[in-house]
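This briefing introduces a protein chain to a reader who is new to structural description. Please consult the sequence and the structure while reading the points below.

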Amino acid sequence: MKQGKFSVFLILLLMATLVALPKEKAEAASSGWQSVSGISGCKIRVITDAYTYTKSATSIDAYAETNGKCGKLNYKSFGVSIVEGGDIGPQYSGYFSSRTPTKKFYFSKLPKPTGVPWAVGLSVYKGKAKGAAFVYINPQKR
């Protein structure tokens, strides 16, 4: 009987260990918080689903958010660009108070990467207040 209880205990312990193990997941990329000049305490950041995109990736998923001290911000040029090379995909504009909708930038609609880093970012404004945030990413050659 003791051996049966011990076996049940071991099985329960193994199950608890398996549930508690960390799951492997993709690491999101962030620009870090960037100040918006002209609005005291206002900060924004851009978040993408990864820093490095492999050949199997179909899109770059990105959104921007505020720290809650900005009010309604207008944004323009939310898109992908080649670092020091200009915009290469669709550019979105609109406004947000806390978080933009997630934008998908499909690799099938972007030029083939050449090894030069890309950036995903946006510019914000509210009256004369201005700011920008960018995440630098590495799309693998496709």
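How many helices and strands does the secondary structure of the chain come to? The chain, which is a predicted model, has one helix and eleven strands.

**Overall architecture**
- Along the sequence, the order of elements is α-β-β-β-β-β-β-β-β-β-β-β, so that the helix precedes the strands in the pattern.
- Among the contacts in the chain with a separation of 6 or more, 58% are between residues 24 or more positions apart.

**Surface and burial**
- The chain has 142 residues, and 32% of them are buried.
- Its accessible surface amounts to about 9,100 Å², and carbon and sulfur atoms contribute 57% of that surface.

**Backbone angles that deserve attention**
- As a general background, most residues other than glycine have a negative phi.
- Serine 77 is not a glycine, yet its phi is positive, at about 55 degrees.
- Serine 77 lies in strand β6, which covers residues 73-82.
- The relative accessibility of serine 77 is 36%, so this residue counts as partly exposed; the partly exposed class lies between the cut-offs of 20% and 50%.
- Glutamate 84 is not a glycine either, and it has a positive phi of about 60 degrees.
- Glutamate 84 belongs to the loop between β6 and β7, the latter being residues 86-87.
- Is glutamate 84 buried or exposed? Glutamate 84 is exposed because its relative accessible area is 85%, and exposed means over 50%.

Note on methods:
Residues are numbered from 1 along each chain as its sequence is written. This is a predicted model: local features need pLDDT of at least 70, side-chain atom pairs count only at pLDDT 80 or more; totals for chains, interfaces and linings use all residues. Side-chain values use heavy atoms; hydrogens and water are left out. Helices (H or I, at least four residues) and strands (E, at least two) are DSSP runs, numbered from the N terminus. Buried means under 20% relative accessible area, exposed over 50%, partly exposed in between (1.4 Å probe, protein chains only). Contact means heavy atoms within 4.5 Å. Accessible areas come from the Shrake-Rupley method with a 1.4 Å probe; for residues, only the protein chains shown count as cover.
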